[in-house]
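Visitor: I am new to this structure. Could you take me through a close look at one part of it?

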Amino acid sequence: MLPLAAVALGLLALDPLSTHLPSALTLLALGAFALWSAARGLEADSARLGTIVLAGALLLRLLLLPLAPSLSDDVLRYLWDGRVAAAGRNPYALPPAAAELAPLRDELWRALPHRHVPTVYPPLALAAFSIAARTPFPLALWKGAAAAGDLAACALLLALARRLGVPAGRTVWYAWNPLVALETAGMGHVDGLGVAACVAAVLLVLPRRGGAGSPVAAGACAAAGALTKL
């Protein structure tokens, strides 16, 4: 885990990453090798392994939370669409350039690309964006929510590994993946929430010990995944 934490600290030192792409890609390549090495060493299961995996996943995401989302402007659109929804307007009908939204414009609006395109994000994602937009620090809250959702996906993967009877250490391919942590906690992408919903759907549809699965709940989680990230 320590080499992966060192990779995360190295990425943090390169902030903003958009101006240090070759160095950032080199660090991510080193992180991929460190992940492979860590995964090989965790094939033997143990009672504490799940806790270790989750603690490592949490550490990686906490280290990358302070990064500026410089590799993508998606998070800007998340916050704008959330602001529009929170104001009671329809982001599917009104693109950012719409005159009706002029009272909402500020520096965030000026930084938006594709202002003539209405939102492409599903309604459950928009609901989450609108919650962040209502707070005094929307970017920080949103990135925290994206990281928390991704951490929930890691916990669900551990539960899925137990249900399937495979070594819990295999979940580090996702939980300790520096690129996953970078894109969710660092860049604030919504994908982690969709991943959590989809893994929950798989977990719920599998039969439990001494009982059947929960297809209705699994279907609801699958729908939540699609309504978060198509």
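Guide: Here is a walk around one helix and the two helices packed against it, with a salt bridge at the end.

First, some ground rules: this is a predicted model, in which local features need pLDDT of at least 70 and side-chain atom pairs count only at pLDDT 80 or more, while totals for chains, interfaces and linings use all residues. Residues are numbered from 1 along each chain as its sequence is written, and side-chain values use heavy atoms, with hydrogens and water left out.

Our helix is α7, residues 138-164. Helices here are DSSP runs of H or I with at least four residues, numbered from the N terminus. One partner is helix α10, residues 191-205; the two axes lie 8 Å apart, at an angle of about 20°. Axes are lines fitted to C-alpha atoms over the stretch in contact, and angles run from 0 to 180 degrees between N-to-C directions. The pair is therefore roughly parallel, a label for angles under 35 degrees, just as roughly antiparallel is for those over 145. The crossing of α7 with α10 is left-handed, meaning that the near helix is turned anticlockwise from the far one by less than a right angle; clockwise would be right-handed.

Where do they touch? Counting heavy atoms within 4.5 Å as contact, α7 contributes residues including Trp142, Gly149 and Arg163, and α10 residues including Gly192, Val199 and Leu203. By class, this contact has 14 nonpolar, two polar and two charged residues. Nonpolar covers Ala, Val, Leu, Ile, Met, Phe, Trp, Tyr, Cys and Pro; charged covers Asp, Glu, Lys and Arg; the others, Gly among them, are polar.

The other partner is helix α3, residues 49-64, whose axis comes within 10 Å of that of α7 and crosses at roughly 160°. That angle makes α3 roughly antiparallel to α7, and their crossing is right-handed. Among the residues in contact are Gly50, Leu54 and Arg61 of α3, with Lys143, Asp150 and Cys154 of α7. This contact divides into 10 nonpolar, one polar and three charged residues.

Finally, back to α10. Its Asp191 forms a salt bridge with Lys229, with the closest N and O atoms 3.6 Å apart; the term means a side-chain nitrogen of Lys or Arg within 4 Å of a carboxyl oxygen of Asp or Glu. This pair links distant parts of the chain, 38 residues apart, with Lys229 in the segment after α11 (215-228).

Methods:
Helix = DSSP H or I, 4+ residues; strand = E, 2+ residues; numbered from the N terminus. Parallel < 35°, antiparallel > 145°, perpendicular 65-115°, else oblique.
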